[in-house]
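Reader: I should like a close look at one part of this model, the surroundings of the bound ligand, followed by the annotated positions and a few further residues. Please set the account out as one connected description.

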Amino acid sequence: MKRIVVGITGASGSIYAKRLIEELLRLDLEIHVIATATAEKVFAYELDLEFKSYMEKLRKQYHQLILEENDHLFAGIASGSYGFDAMIVMPCSMGTLGEIAYGLSKNLLVRAADVALKEKRPLILVPRETPLNAIHLENMLKLAKMDVSILPAMPGFYHKPKSLEEVIDFVVGKVLDHLGIHHQLFQKWTDH
Ligand SMILES: Cc1cc2nc3c(=O)[nH]c(=O)nc-3n(C[C@H](O)[C@H](O)[C@H](O)COP(=O)(O)O)c2cc1C
């Protein structure tokens, strides 16, 4: 696993994306980040942090971070020949999930997911919505049948988190587990 695409949408839970990006960079992976317009707004609202400035700050430390523009369909990751290893959309709005389910590749995020699907590369969606209506559930089922991993932002509590950070890291760790990426974000369950 070398090159990973991270999509961020305007679903609640920007903190998940922030932690995921930080952890992937710490692991020295090349990551391409694409945020939707709403994702940038929700990020600023929920975290009191301007998205692009934060990405710039990270880029000074980690040169393997590439910030993509969502309207730049000429980007390498828009093509099947470019070759990325996996894509994660975290958090994933019901809107973007529906666009991916129906192949509406009008922006780079959805196009990259479309590429992951057609090239049969791992695609992990981390939906965040509650309650779920029948459209949401049908779209998730449709994608699951295409081998997309639907990994909802549903933290467990059996690791007895002591802070919000540990709750967030549980979900981020689950995503990394799914890609076979070793991490120490939470203590794995052992015999009790
Ligand atoms: C503060 C805020 C929180 C939101 N939370 C969610 C959410 O958890 N799940 C969701 O599907 N949409 C949520 N939305 C709505 C999406 O942002 C909206 O549907 C948007 O069109 C999604 O666009 P995008 O997928 O291009 O980012 C939220 C919107 C705002 C402003």
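How many Å separate a nitrogen atom of the ligand from a polar backbone atom of serine 12?

Author: The model is a predicted one, and the distances below should be read as computed from it. A nitrogen atom of the ligand lies 3.1 Å from a polar backbone atom of serine 12. Two further contacts involve oxygen on the ligand side. A polar backbone atom of glycine 10 is 2.7 Å from an oxygen atom of the ligand, and a backbone N or O atom of methionine 94 is 2.8 Å from an oxygen atom of the ligand. The ligand taken alone exposes 640 Å², of which the protein buries 64%. Two elements, α2 (37–47) and α4 (94–101), each give two or more residues to the shell around the ligand.

The shell can be listed by residue. Around the ligand are Thr9, Gly10, Ala11, Ser12, Thr36, Thr38, Val42, Ser93, Met94, Thr96, Arg128 and Glu129. By class, the shell divides into seven polar, three nonpolar and two charged residues.

Helix α2 also holds alanine 44. Alanine 44 counts as partly exposed because its relative accessibility is 30%, a value between the limits of 20% and 50%. Along the chain, alanine 44 and serine 14 are 30 residues apart, and their C-alpha atoms are separated by 8.7 Å.

The annotated positions come next. In the unreviewed UniProt entry, the annotation "binding site" covers Tyr158 and Lys174. These two span 17 residues in sequence, yet their C-alpha atoms are no more than 13.5 Å apart, so they gather at one spot. Tyrosine 158 sits in the loop between β6 (149–150) and α7 (164–178), whereas lysine 174 belongs to helix α7 itself. Tyrosine 158 is partly exposed, at a relative accessible area of 43%; lysine 174 is also partly exposed, at 30%.

Their contacts join the two positions. Leaving aside residues up to four places away in sequence, tyrosine 158 touches Phe170, Lys174 and Trp189. With the same exclusion, lysine 174 touches Leu151, Tyr158 and Phe186.

The wider setting is given by another annotation of the unreviewed UniProt entry, "domain: Flavoprotein", which covers residues 2–179. The end C-alpha atoms of this span lie 11 Å apart, and the span is 45% helix and 17% strand.

A last residue to consider is glutamine 64, found in the loop between α3 (51–61) and β3 (65–68). Glutamine 64 has a relative accessible area of 17% and is therefore buried, the limit being under 20%. Its side chain takes part in two polar pairings. The side chain of glutamine 64 reaches the backbone oxygen of leucine 25 at 3.3 Å, and the side chain of glutamine 64 also makes a polar contact with the side chain of aspartate 28, at 3.3 Å. Not counting residues up to four places away in sequence, glutamine 64 touches Leu25, Asp28, Leu29, Glu30 and Ile31. Leucine 25 and aspartate 28 thus appear both among the residues that glutamine 64 touches and as its polar partners.

Terms used:
Residues are numbered from 1 along each chain as its sequence is written. This is a predicted model: local features need pLDDT of at least 70, side-chain atom pairs count only at pLDDT 80 or more; totals for chains, interfaces and linings use all residues. Side-chain values use heavy atoms; hydrogens and water are left out. UniProt positions are given in the numbering used here, feature names are shortened, and annotations may be inferred rather than shown by experiment. Helices (H or I, at least four residues) and strands (E, at least two) are DSSP runs, numbered from the N terminus. Buried means under 20% relative accessible area, exposed over 50%, partly exposed in between (1.4 Å probe, protein chains only). Contact means heavy atoms within 4.5 Å. A residue is near a molecule or strand if one of its heavy atoms lies within 4 Å of it. A polar contact is a pair of N or O atoms within 3.5 Å; within protein, one must be able to donate a hydrogen and the other to accept it, and residues adjacent in sequence count only if both atoms are side-chain atoms. Accessible areas come from the Shrake-Rupley method with a 1.4 Å probe; for residues, only the protein chains shown count as cover. Ala, Val, Leu, Ile, Met, Phe, Trp, Tyr, Cys and Pro count as nonpolar, Asp, Glu, Lys and Arg as charged, and the others, Gly among them, as polar.
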